[in-house]
Amino acid sequence: MISGTRGTVIKNKDLSQVTWLRVGGPADLFFMPADIEDLIKFLKMLPNKFDIFPIGVGSNLIIRDGGIRGAVIRLGSGFKNISFEKNKIVVGASALDAHVASKAADNGLDLTFLRTIPGSIGGAIKMNAGCYGSYVEDFFVSAKVINRSGELFELSSKDMKFSYRQCNLPQDCIILEATFEANYGNPEALHLKMKNQLVKRDETQPTKERTAGSTFRNPSGFSSTGEIDDLDDFKAWKLIDDAGMRGATCGGAKISEKHSNFLINTGTATANDLESLGEQVRKSVFQKSKVKLQWEVIRIGETNL
Ligand SMILES: Cc1cc2nc3c(=O)[nH]c(=O)nc-3n(C[C@H](O)[C@H](O)[C@H](O)COP(=O)(O)OP(=O)(O)OC[C@H]3O[C@@H](n4cnc5c(N)ncnc54)[C@H](O)[C@@H]3O)c2cc1C
């Protein structure tokens, strides 16, 4: 069906291997293109019956136990480029946020907020990732994107219509590369800032566990600012605590004792355990506070094979 591509094509790929939560059934097709030309070739050959689903490093995904009927596309080493021109940074979509933040700091540019977010640039843009008061949208200039038909185009910040943890990029478009604009800073001071942020994360979040970060969006409409006046009212973790769900379990899934907006795979969880526990949390929070929590973690795929 697909031949002549230079990248890796795998049938029935076990997706639990490529998500942070280590759950998920198989993808009908899994493709890691060698470069843009290779991806264009693949998309043009891919029969119409296949939907495509781009993934980054799977740090914000629950892939259901039945897997994905379609083609999962993951950009690899051919999309990790990083280059600098004055205060502009051009970066490939598979580059890791942490690496980009570090390289930017070396070059005297402040993208420090990316240092503690464990995803890739493609995932960060799609999710308008952010923390400590900064979001992708604050630095984003444009992105090079490809659609399901293999056509390339450029999207500006205006086109992306960023909002809290989302943008309006269609699900079947793949971000290939992006340009950011950052403020100048002293490299040493930027590295120190990132070091402090890492310490803060480790103190407050279960960073060594299998999680997908914040499970639900904060009803307040923003992520942590790191400021003293960052009130807890209307933070998802506070509502979950008030509903008595900290530490709750379902099969191998658990609500973290350290941070109650984090779902953990304790080792044996299925995607169904994780999603069911998340739904129990939503129900309990609604009963207690009349707030309908919205999932921040993207849940995709079939419940059963
Ligand atoms: C310990 C931990 C801490 C976290 N802290 C934060 C935080 O502080 N702030 C925050 O915002 N998030 C946080 N997250 C969540 C997660 O890291 C971010 O959402 C991240 O941006 C997801 O990137 P990814 O590469 O893992 O994307 P994935 O999880 O693989 O995918 C997420 C979404 O992005 C899309 N996507 C991925 N790559 C592309 C691409 N190239 N083109 C088009 N679409 C694409 C996918 O289709 C999917 O819809 C945390 C997660 C963990 C595990």
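**Notebook: cavities, strands and cysteines**

I began with the cavities and noted that the second largest has a volume of about 30 Å³. The model I am reading is a predicted one. I listed the residues that line this second largest cavity: Leu21, Ile62, Ala212, Gly213, Thr215, Leu263 and Val297. Sorted by class, that lining has five nonpolar residues, two polar and no charged.

I then looked up how many cavities of 30 Å³ or more the structure holds, and the count is two. The largest cavity comes to about 40 Å³. Arg64, Asp65, Ala271, Asn272, Glu275 and Thr303 form its lining. I sorted these residues as well: the lining of the largest cavity has three charged, two polar and one nonpolar.

**Domains**

I checked how the chain is divided. Domain 1 covers 8–77, domain 2 covers 79–190 and domain 3 covers 207–300. For domain 2 and domain 3 I also noted the distance between the C-alpha centres, which is 26 Å.

**Strand 11 and its partners**

Is strand 11 enclosed or open to the outside? I found that five of the seven residues of strand 11 (residues 140–146) are buried, so the rest of the structure largely encloses this strand.

Which strands pair with strand 11? One is strand 13 (residues 174–181), which runs antiparallel to strand 11 and is joined to it by six bridges. Within this pairing I located Ala143, which stands opposite Ala178 in strand 13.

Strand 12 (residues 152–156) also runs antiparallel to strand 11, with five bridges between the two. Here I found Lys144 opposite Glu154 in strand 12. Strands 11 and 12 make a hairpin with five residues between them. In that turn I noted Gly150, which has a positive phi of about 85°.

**Strands 6 and 7**

I turned to another hairpin. Strand 6 (residues 82–85) and strand 7 (residues 88–92) are paired in the antiparallel sense over four bridges. Glu85 stands opposite Lys88 in strand 7. The hairpin has two residues between its strands, and Lys86 in the turn has a positive phi of about 50°.

**Cysteines**

I looked for disulfides. A disulfide is a covalent bond between the sulfur atoms of two cysteines. The count here is zero.

Why is Cys167 not bonded to Cys173? The cut-off I used for a disulfide is a pair of cysteine sulfur atoms within 2.5 Å. The closest cysteine sulfur to that of Cys167 is in Cys173, and it is 10 Å away, so the pair is too far apart for a bond. Going from the other side, I found Cys173 in no disulfide, with the sulfur of Cys167 as its nearest cysteine sulfur at 10 Å.

Are these two cysteines buried or exposed? The cut-off for buried is under 20% relative accessible area. Cys167 has 13% relative accessibility, so I entered it as buried. Cys173 has a relative accessible area of 7%, so I entered it as buried too.

**Ala101**

My last entry is on Ala101, which I placed in helix 2 (residues 97–106). Its relative accessibility is 0%, so Ala101 counts as buried. I also looked up Ala101 together with His191: they are 90 residues apart in sequence, and their C-alpha atoms are 9.1 Å apart in space.

How values were computed: Residues numbered from 1 in each chain as written. Predicted model: local features only at pLDDT ≥ 70, side-chain atom pairs only at ≥ 80, totals over all residues. Heavy atoms only, no water. Pairing = 2+ DSSP bridges. Domains from an automatic or database assignment. Buried < 20%, exposed > 50% of the residue type's maximum accessible area, 1.4 Å probe, protein only. 1 Å grid on protein atoms, 1.4 Å probe; cavity = no way out; pocket = protein on both sides within 12 Å on 5 of 7 lines; lining within 4 Å. Points joined across faces, edges and corners; volume = space filled by probe spheres on them. Nonpolar A, V, L, I, M, F, W, Y, C, P; charged D, E, K, R; others polar.
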